[in-house]
Amino acid sequence: MSVYNSEPPIYELSRTGKIGANLPALDVPAAALPPHLLREDELAGFPELSETEVIRHFTRISQRNVCIDTVMYPLGSCTMKYNPKLHEEAARLPGFAAAHPMQDQSLSQGALALMYQLQHYLGEISGFDAVSLQPAAGAQGEFAGILVFRAYHLSRGDVDRTEVLVPDAAHGTNPATAAMSGFKVIEVKSDARGNVDMDDLKSKLSPRTVGMMLTNPNTVGLFEEQIVEVSRLVHAAGGLMYGDGANFNAILGIAKPGQVGFDFMHYNLHKTFTTPHGGGGPGSGAVGCTAALAPFLPGPIVREAEQAGTYELFMPEQSIGRLKTFQGNFGMLVRAWTYIRTLGEYGLREVSETAVLNANYVRTQLQDLYPVAIDRICMHEAVLRGQIAGAQGIRTLDIAKRLIDFGIHPPTVYFPLIVPEALMIEPTETESKVNMDRFIAVMRQIASEAVETPAVLHNAPTNAPVRRLDEVRAARKPILRYNAEKFAELRRGE
Ligand SMILES: *Cc1c(COP(=O)(O)O)cnc(C)c1O
């Protein structure tokens, strides 16, 4: 059993009267609090513990959180690359960390200059004319994009467009975004080479087309070979091209989405540009677009002010509005700026070249045991299938759970939906060859276990803090507060 499970939960360690902090004796006259500030009922239900117990509890919890700083985390589509610690230092500089979002713009010139430069860098890297740093996540960037598409069409009196085209391989946020924006989602099929099926695309374009949401490289880890033609067709139907930039890590310094027909794109700064994913945030889903869409961008955006060398915030004339309080997740902008400045133009290109090389290395070393989804040179991630020849009753889920026993975070599984038993592996450029070789060796061992000792896989994980969880129940009926009775029930397996 794991050492993690040997300590009782913090509530069970509680003893009445124990305290973890001593306040100094009062050195000013005691003053009575005004009655409206006093509690009306007794403070109850908190555990009473020593400092040692509290520190152990929280440190233990922090170690349960599997992270890129402790293990390989080849989570396809999410680009879990190493987050350089230099960025943390930059984000903690008092001028940035202690800046108040309401302070006068004349006192925020350094922060505004950084935002202005980051807007410029992101625009340059992707071939777009304007950038807004507002959105807090890729999904929010998508929402911004589709609202901008709507605003653009309406501004031209083009009022009958109601359909957003989304490939069948797309990330779930794409159709969700289109639906949340009030549009109808029209699915477009993929062809046998993993590209958009051109005939299907043509049959679904119409005067009702708002636009198309496309990830390139796509969610099967492959470059859309006909991207220019796809864009041309969508534009010819009066639609706009939305680029889901989650896979930007494959093409930095190599291809610019703005030059192959995309009108709008989100960047996941917490994927491509090494700002931490955190526990669901804070992220940054900055967005870039063509000059034609720039007036509709969410704001505020930073521009040069009249006095040379100074900057100011402004709201684009026909902006869809704000998506986030103040200037978005500013600390993430500092980290992304630092990353871009540390690597420079050629460094960024090397990031993508190495990421693509690493994914292809892993693919070629595993594809004899784990069939590849589509047999093509992949981009920064390789989609394999957990269908091992000769293994009975083994699913991708079993393989993923077994990886946990080796201290490796499982890759993305069962996505994209069009690949049965998908295993989407993204080593990223920050994994060394030694680490990838270990991952490959472990995957090969798991493949032979699947044939020879399948029970090992079915029982996995055996050395993690928890065994297999009822993931559906955990998501649908989460227990977010400690409840002694509930915990006792769960421990007894009820
Ligand atoms: C991660 C991801 C998104 C959503 O981005 P968030 O920042 O998680 O909201 C959208 N599309 C793809 C392909 C992704 O991998």
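Q: Why are helix α10 and helix α12 called roughly parallel?
A: In this predicted model, the axes of α10 (residues 330-366) and α12 (residues 433-452) come within 10 Å and cross at roughly 30 degrees. Angles under 35 degrees count as roughly parallel, so α10 is roughly parallel to α12. The crossing of α10 and α12 is right-handed.

Q: What makes the contact of α10 with α12?
A: Contact means heavy atoms within 4.5 Å. On the α10 side the contact is made by N358, Y361, V362, Q365 and L366. On the α12 side it is made by K433, M436, D437, F439, I440, M443 and R444.

Q: How many residues of the contact of α10 with α12 are nonpolar, polar and charged?
A: There are 7 nonpolar, 2 polar and 3 charged residues in this contact. Tyr and Met are among the types that count as nonpolar, and Lys, Asp and Arg are among those that count as charged.

Q: Why is α6 called oblique to α7?
A: The axes of α6 (residues 138-155) and α7 (residues 173-180) come within 9 Å and cross at roughly 45 degrees. The roughly parallel class holds angles under 35 degrees, and the roughly perpendicular class runs from 65 to 115. An angle of roughly 45 degrees fits neither class, and the rest count as oblique; therefore α6 is oblique to α7. This crossing is right-handed.

Q: Which residues make the contact of α6 with α7, and how do they divide by class?
A: A139, E142, F143 and I146 of α6 meet T173, N174, T177 and M180 of α7. By class, the contact has 4 nonpolar, 3 polar and 1 charged residues.

Q: What makes β1 and β3 edge strands of their sheet?
A: The sheet is open and has 7 strands, in the order β1-β7-β6-β5-β4-β2-β3, with mixed pairing. β1 (130-132) and β3 (184-188) each have a single partner strand, so one side of each lacks a neighbour in the sheet. From one strand to the next, the twist averages 25 degrees.

Q: How do you know that β1 and β7 pair?
A: Two strands pair if there are at least two bridges between them. β1 and β7 (residues 287-289) are joined over 3 bridges, in the antiparallel sense, so the condition is met. V131 stands opposite G288 in β7.

Q: Which helices pack on this sheet, and which strands do they touch?
A: Helix α5 (residues 109-126) touches β1 and β6 (264-267), and its direction makes about 120 degrees with that of β6. Helix α6 touches β4 (209-215), β5 (240-245), β6 and β7, and its direction makes about 170 degrees with that of β5.

Q: What makes β10 and β11 edge strands?
A: In the open sheet of 3 strands the order is β10-β12-β11, and the pairing is antiparallel. β10 (382-385) and β11 (412-413) each pair on one side only.

Q: How do you know that β11 and β12 pair?
A: At least two bridges are needed, and β11 and β12 (residues 422-425) have 2 bridges, in the antiparallel sense. The condition is therefore met. T412 stands opposite M424 in β12. Helix α10 packs on this sheet, touching β10 and β12, and its direction makes about 20 degrees with that of β10.

Q: What do β8 and β9 form, and how many bridges join them?
A: They form a hairpin with 6 residues between them. The strands β8 (residues 301-304) and β9 (residues 311-314) run antiparallel and are joined by 4 bridges. R303 has E312 in β9 as its bridge partner. In the turn, G309 has a positive phi of about 80 degrees.

Notes: Residues are numbered from 1 along each chain as its sequence is written. This is a predicted model: local features need pLDDT of at least 70, side-chain atom pairs count only at pLDDT 80 or more; totals for chains, interfaces and linings use all residues. Side-chain values use heavy atoms; hydrogens and water are left out. Axes are lines fitted to C-alpha atoms, for helices over the stretch in contact, and angles run from 0 to 180 degrees between N-to-C directions. Angles under 35 degrees count as roughly parallel, over 145 as roughly antiparallel, 65 to 115 as roughly perpendicular and the rest as oblique. A crossing is left-handed if the near helix is turned anticlockwise from the far one by less than a right angle, and right-handed if clockwise.
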